[in-house]
Amino acid sequence: MRAEKKLIHALTMWVRRQPPKVKAFMAVVSGMAALIFLRFVVHDHDNLFVAAESVHSLGISVLIYKLTKEKTCAGLSLKSQELTAIFLAVRLYCSFVMEYDIHTVLDLATLATTLWVIYMIRFKLKSSYMEDKDNFAIYYVVIPCAVLAFCIHPSTSHNLMNRIFWAFCVYLEAVSVLPQLQVMQNTKIVEPFTAHYVFALGVARFLSCAHWVLQVLDSRGHLLVALGYGLWPSMVLISEIVQTFILADFCYYYIKSVFGGQLVLRLPSGVV
């Protein structure tokens, strides 16, 4: 076990010594390798989306345990939960009027638990809420997402407002975790349950991104045509990739912490 820890520590130190361009290249190569692995292992790529929703639900289950057993919401961002509730509510509406399927049921369950988390933070556990650390101005993301959705949205035959709503929830989901990352950057120390939750979000976002990328590859680009014309198909992929890379740095330090046997995650300055 000590030999494994020494090897991991040596590998970690080697990666940290590399220039930013090399780190970026290694991240891209690792992501491509993971996509290739998933393409051969998972035959029905729709399962990746279901898996993403399941992992997200698992992360919320960790939050529920933290809030009910630990009786504290310290380290959690109320604003991130509110942004999550907004995009889930909008996506649920769009799903009902545009494509009602298994994703609708999953979104409904996730929205219900997210609203419960918001209720706990706002009322039951308000005394432990770190409001001074949760200082991200959410209008910095809500307004740009709304403007972008108005300008770039699906070109399908659905009602115009429904298409704008759908684009809005796609864009907002991509950046909804930013307030949570801001809280962790402000505190520098992330306790285990919050770290598990954010890592679950990172895994869920990667699986969702892999689902879209593999679907595009398997359809030889026809999926992009089915999504409509103009910039919208590209914006869907970009949004998936952005939300994956937003959490990539945190996931790296989380894995490093777990293999290093540390229960509490300490983040260097500028990580998130």
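These notes concern one helix pair and the aromatic pairs of a predicted model.

1. Helix α4, spanning residues 78-98, packs against helix α7, residues 160-175, at an angle of about 145°, and the two axes lie 9 Å apart. The crossing of these two helices is left-handed.

2. On the α4 side, the contact is made by Leu-83, Ile-86, Phe-87, Val-90, Arg-91, Tyr-93, Cys-94, Ser-95, Val-97 and Met-98, which meet Asn-162, Phe-165, Trp-166, Phe-168, Cys-169, Leu-172 and Glu-173 of α7. Taken by residue class, this contact of α4 with α7 comprises 13 nonpolar residues, two polar ones and two charged ones.

3. Five aromatic pairs are counted in the model. One of them joins Tyr-93 and Phe-165 in an edge-to-face arrangement, with 6.0 Å from centre to centre and 85° between the planes. Because Tyr-93 belongs to helix α4 and Phe-165 to helix α7, this pair ties together parts that are 72 residues apart in sequence. Both residues also appear among those listed for the contact between the two helices.

4. As to the accessibility of this pair, Tyr-93 is partly exposed, with a relative accessible area of 37%, and Phe-165 is likewise partly exposed, at 32%.

5. A further aromatic pair is formed by Tyr-139 and Tyr-140, whose ring centres are 4.9 Å apart; their planes stand at 70°, and the pair is therefore edge-to-face, since planes over 60 degrees apart count as such. Tyr-139 is partly exposed at 48% relative accessibility, whereas Tyr-140, at 56%, counts as exposed, the boundary for that class being over 50%.

Notes: Residues numbered from 1 in each chain as written. Predicted model: local features only at pLDDT ≥ 70, side-chain atom pairs only at ≥ 80, totals over all residues. Heavy atoms only, no water. Axes fitted to C-alpha atoms, helices over the stretch in contact; angles between N-to-C directions. Helix = DSSP H or I, 4+ residues; strand = E, 2+ residues; numbered from the N terminus. Left-handed = near helix turned anticlockwise from the far one by under 90°. Contact = heavy atoms within 4.5 Å. Nonpolar A, V, L, I, M, F, W, Y, C, P; charged D, E, K, R; others polar. Phe/Tyr/Trp six-rings, centres within 6.5 Å; stacked < 30°, edge-to-face > 60°. Buried < 20%, exposed > 50% of the residue type's maximum accessible area, 1.4 Å probe, protein only.
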